Amino acid sequence: MTVTAKDNFFRKRIDKYYTPTIATWFGFFARAISFVLVLPVLLNKINPERITVWYLFDSILVFQLLLDTGFRVTLVRLVAYAFGGKNIFEANSESNGKPHWVLIWTLYTIFRKYYMVIALIFLVLLGSIGTLSLMNPISKINEQSDAWLAWGLLLITTTVRMYCGVYISVLEGLNKIIFLRTLDALSAIAAVISAFIVLYFFQPSLLNLVCCYQFWLLFNCLRDKRVIDKVFKAQSINKQDLFLITPEDKKREILVPSVKTGFSSLFSLGTNHATNIAMAQFTKASVLAPYLLAFRIVYMIRDLSMAPFYSKIPFLSQLRAKNKNEELLENARKGMLMSYLVFVLGVLACGFLFPIALKIFKSQTSFVDSKTWVLMGFAFMLHRYGAMHVQLQVVGNVIKSHIADGVSAGIYVVTLFLSYKYFGIAAIPVSLIVSYLSFYCWYAAWISIKTYKINLLKFEAKGFLLALAFFVVGSFFLIYFYS
């Protein structure tokens, strides 16, 4: 087929405006819309006890992402370096601007073995600890057999998804963000249509909903496998040609960074979700369900706000490989600012509208009060600040996140233990704020200063501080509105 000048014109327009950030937003918006559209029906048809189990499924399965995170971040970074022409396994290697496909294939081969191991670890840990943590909440609902079948299906399909993370990581490292996020969005739209069919034409049970969503999860896994096979086939790579990576290099450049990043995720978001699971063992569903609902919403907003910055990481890694640090920092600053603004707007909008929406849809589950919601929003905003500085360090091949997250997690647990008696469920966001302000945020920023020699006040004046002022003013009006 001949490519005409008109085709090239439209292709250039698409490439200019449909950027990785826009594509990532499209994917996040599709998932967010599916959440917003399905949630009212879910809350209307399912009681607080079953809502609690549904969101506990979500909290438990997040540990799949936490186990995956360490290897995913490392693989994306190494593939991005190799795609930019730099071989990190060779001393004093300079980028030649041409993709190092043999090294990329070698990394893919190595990481497939690692992902198989962590998938089996996930199955054993979640099959035992996760099952024990669900016994008490599931015992409080009527459809117990359906709930356990749903949990079994989740375990099997999510283990498969864990292994398939290697395909996604390589494709992200190759900067196939637009392609991946667009297909993710289309799958999310298909999933929400399926969920509506289940909720309106079949019995709205936990098992039916799980079947609906996990079908599309497996579909995505098969899709990603097919795409990665096509990528390597197009390069005519001999599968026997492997770049020699010594055990010492594997330990230094792969295993140690992956373990550090994995522990970082476990200490940060893992602590939050572990708190939800622990609370379910002794907190009434009528008290816990509103908090879990609010937690899921703020977590969704957090995911949505990640797009402007995290979609740039493969590109930032390529800039780092080419020693273009000034361009790297300017792109990072713009991405951070947009990320903060999206998060603040999302938190304030949901804070104003969600309580009203729940009343309109006659939800069986209420929402947290406005002060608790503001505290949750501020806590996650502080985490966004520290987390993006941590990612900036990872781009610079500096892994200190395990220290930042480990110490702050310890402060959080101690503070929560001491304050829960006085603040109740609000003690969770209060403890998060204490832990982030006392260590996480300033430590992450300090490492960025050392890595890139930046003027932090100048860097944040058009970033975090601007967004914080907007959040404070908006929160004042939100609390006043509902007082």
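Mentor: Helices here are DSSP runs of H or I with at least four residues, numbered from the N terminus. Keep in mind that this is a predicted model.

Trainee: Okay, which helix gives the most to the nonpolar patch?

Mentor: That's α6, residues 177-201, with six residues. The patch sits on the surface, has about 830 Å² of accessible area together, and includes Phe26, Leu186 and Phe202.

Trainee: Where does Phe202 lie?

Mentor: Phe202 is in the loop between α6 and α7 (206-234).

Trainee: And why is Phe202 called exposed?

Mentor: Its relative accessible area is 52%, and exposed means over 50%, so Phe202 makes the cut.

Trainee: How many aromatic pairs are there?

Mentor: The count comes to 29. Take Phe295 and Phe380, which are 5.9 Å centre to centre with 70 degrees between the planes.

Trainee: What makes that pair of Phe295 and Phe380 edge-to-face?

Mentor: Planes over 60 degrees apart count as edge-to-face, and this pair has 70 degrees. Phe295 is in helix α10 and Phe380 in helix α13, 85 residues apart, so the pair links distant parts of the chain.

Trainee: How do you know whether Phe295 is buried or exposed?

Mentor: Buried means under 20%. Phe295 has 4% relative accessibility, so Phe295 is buried. Phe380, with 5%, is buried too.

Trainee: Why are Phe439 and Tyr443 called stacked?

Mentor: Their planes are at 15 degrees, with ring centres 5.0 Å apart. Stacked needs planes under 30 degrees apart and centres within 6.5 Å, so the name fits. Both residues lie in helix α15, four residues apart, about one turn of the helix.

Note on methods
Residues are numbered from 1 along each chain as its sequence is written. This is a predicted model: local features need pLDDT of at least 70, side-chain atom pairs count only at pLDDT 80 or more; totals for chains, interfaces and linings use all residues. Side-chain values use heavy atoms; hydrogens and water are left out. Patches are made of residues with over 30% relative accessible area and no salt bridge: like charges are joined within 9 Å, nonpolar side chains (Val, Leu, Ile, Met, Phe, Trp, Tyr) within 5 Å. Accessible areas come from the Shrake-Rupley method with a 1.4 Å probe; for residues, only the protein chains shown count as cover. A salt bridge is a side-chain nitrogen of Lys or Arg within 4 Å of a carboxyl oxygen of Asp or Glu. Helices (H or I, at least four residues) and strands (E, at least two) are DSSP runs, numbered from the N terminus. Buried means under 20% relative accessible area, exposed over 50%, partly exposed in between (1.4 Å probe, protein chains only). Rings of Phe, Tyr and Trp (its six-membered ring) pair if their centres lie within 6.5 Å; planes under 30 degrees apart count as stacked, over 60 as edge-to-face and the rest as tilted.
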